[in-house]
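Here is a quick walk through this model, starting from one helix and working outwards. Keep the viewer open as you read.

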Amino acid sequence: MLREKGALTSDWMSAYRAVPRDAFVPDRLWPGTAGGNRQGEVIDRNTDPARWWGKVYSDVPLTTQWDDGAHTGTDKGRSPTSSNSMPKMVFSMLDTLCVERGNRVLEVGTGTGWNAALLAYRLGPDNVVTVEVDPAVAEEARRRLAAVGLTPVTVVGDGAQGHVKGAPYDRIIATCGISRVPYAWVEQAVEGAVIVAPWGPPYGGQAVARLTVGEGGVAMGPFVMSSAFMRLRDQRDTFPPTDAFPGAANRPSTAAQRTTPLSPDGMGDWHHMFTLGVQVPDMFCRVERGEDGAYRLWLFDMGCTSWATGDYEPGRTEFEVAEYGPRHLWSEAEAVMSWWREQGEPRFERYGLTVTPSGQTVWLDSPDNPVPVRVS
Ligand SMILES: C[S@@+](CC[C@H](N)C(=O)[O-])C[C@H]1O[C@@H](n2cnc3c(N)ncnc32)[C@H](O)[C@@H]1O
């Protein structure tokens, strides 16, 4: 199945066979859906072994922890916080990492330990360092790694700091999402090193960046595939509640009203969200579902000064818009989407990222063509 999808290349085949996924999955799991974040009901190996095995050998992510371990029941918690990633994504990212014999690798986000085990099998355990922020998750991974006879260096800590004791690294792979590349990763990498990390702005949309570390501590490279990883713990987004915005609860008649041909549905795909988030970094959105497929898309600024709504109804070509506050967020989104159309409607693969000691820049097609960022 993974071979047919093009994810499992021949050089990872023996690791895949030698390091079974089932050895890294706990008895209780919550299967997700491929390409999405929705979680199914809990499956317990002890009461329903057939379904458990079926999910472990399906191409789906398996949530193994909710709410940083605070939620321990069998129902779902609020947020999934640790998982065994979707096999297609695991092997596509390992393929993107292009490891070579003798490489030293840092993995950020040990989770269940499966990815670290695959790397340790391929490169030798002494060449792999994996960092996990959650002590209980790290301990369980250590136990499972030892059980299959693979013992990479497993560190409990904040992976955003890398692990300087094991540096320098030839390859760095993050299996949690980021919106800023921690510069420690670049500092702890050799020149020519490859960094593979799922990157996405707070607004939404995420894609795997493949950066090469070059001269002068600059890392750059393209986005290579879309992704949906849970965030690095200290880069999680906390958005203000809707009632923190003046007038948002009762949508006053003083809000500027108009119609727009820009359908909220035409800015809801992963790559639209990525573009909107890159260009308006302090904007976030919420969706309020209505009936019969209708919904309201809310846009907010992080400073809690302004909001806008766009009302989607199936079959319409003009949509009601309300804007409130000093910023005109719907107009900002319209400007971004017209820029996007003018550029030929780029998907992730045309974007790239440059990281320097002073910050990061997203570009389109070439590093000398930065994507405009709208700062208010
Ligand atoms: C998608 S899971 C990783 C999957 C894992 N590689 C595997 O093979 O099962 C993401 C993990 O990143 C961890 N994490 C989040 N923030 C972190 C941080 N700052 N440093 C290290 N690990 C972090 C989470 O606790 C979680 O276990």
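The buried residues of helix α3 pack against quite a list of partners: α1 (10-18), α4, β8 (169-174), β9 (189-199), β10 (207-213) and β11 (219-226). Bear in mind that this is a predicted model.

How many of the residues of α3 are buried? The helix runs over residues 87-97 and is mostly covered, with 9 of its 11 residues buried. They are Pro87, Lys88, Met89, Val90, Phe91, Ser92, Met93, Leu94 and Leu97. Right after α3 comes Cys98, which has a positive phi, near 50 degrees.

**The nonpolar cores**

In soluble globular proteins, nonpolar side chains tend to end up buried together. Here the largest nonpolar core counts 75 residues, and Ala117 and Ile195 have the most contacts inside it. Which element gives the most to this core? That would be α4, with 8 residues. If you click on Ala117 and skip its neighbours within four places in sequence, you'll find it in contact with Val19, Phe24, Leu145, Val148 and Leu150. There is also a second, separate core of 22 residues, with Met283, Leu297, Trp298 and Phe300 among them.

**Around the ligand**

Now for the ligand. It has 26 residues around it, and Ser82, Gly109, Gly111, Asn115 and Gly159 come nearest. The elements giving two or more residues to this shell are β4 (80-84), α4 (114-123) and β6 (128-132). The largest share, 4 residues, comes from β4. So much for who is there; what about the mix of residue types in the shell? It's 10 nonpolar, 11 polar and 5 charged.

**Two domains**

The domain assignment splits the chain into domain 1 (10-226) and domain 2 (242-342). Taken over C-alpha atoms, their centres are 34 Å apart. For the contact between them, domain 1 gives 8 residues and domain 2 gives 11 residues. On the domain 1 side that touches domain 2, you get 4 nonpolar residues, 4 polar ones and no charged ones.

Here are the two residue mixes next to each other:

| Set of residues | Nonpolar | Polar | Charged |
|---|---|---|---|
| Shell around the ligand | 10 residues | 11 residues | 5 residues |
| Side of domain 1 that touches domain 2 | 4 residues | 4 residues | no residues |

To tie things back to the start, α4 is worth a second look: α4 gives the most to the largest nonpolar core, gives two or more residues to the ligand shell, and is one of the elements that the buried residues of α3 pack against.

Key
Residues are numbered from 1 along each chain as its sequence is written. This is a predicted model: local features need pLDDT of at least 70, side-chain atom pairs count only at pLDDT 80 or more; totals for chains, interfaces and linings use all residues. A residue is near a molecule or strand if its C-beta atom, placed from the backbone, lies within 6 Å of it. Ala, Val, Leu, Ile, Met, Phe, Trp, Tyr, Cys and Pro count as nonpolar, Asp, Glu, Lys and Arg as charged, and the others, Gly among them, as polar. Domain bounds come from an automatic or database domain assignment. Two residues are in contact if their C-beta atoms, placed from the backbone, lie within 7 Å. A nonpolar core is a set of buried Ala, Val, Leu, Ile, Met, Phe, Trp, Tyr and Cys residues joined through C-beta atoms within 7 Å. A residue is buried if 20 or more other C-beta atoms lie within 10 Å of its own, exposed if 12 or fewer, and partly exposed in between; C-beta atoms are placed from the backbone.
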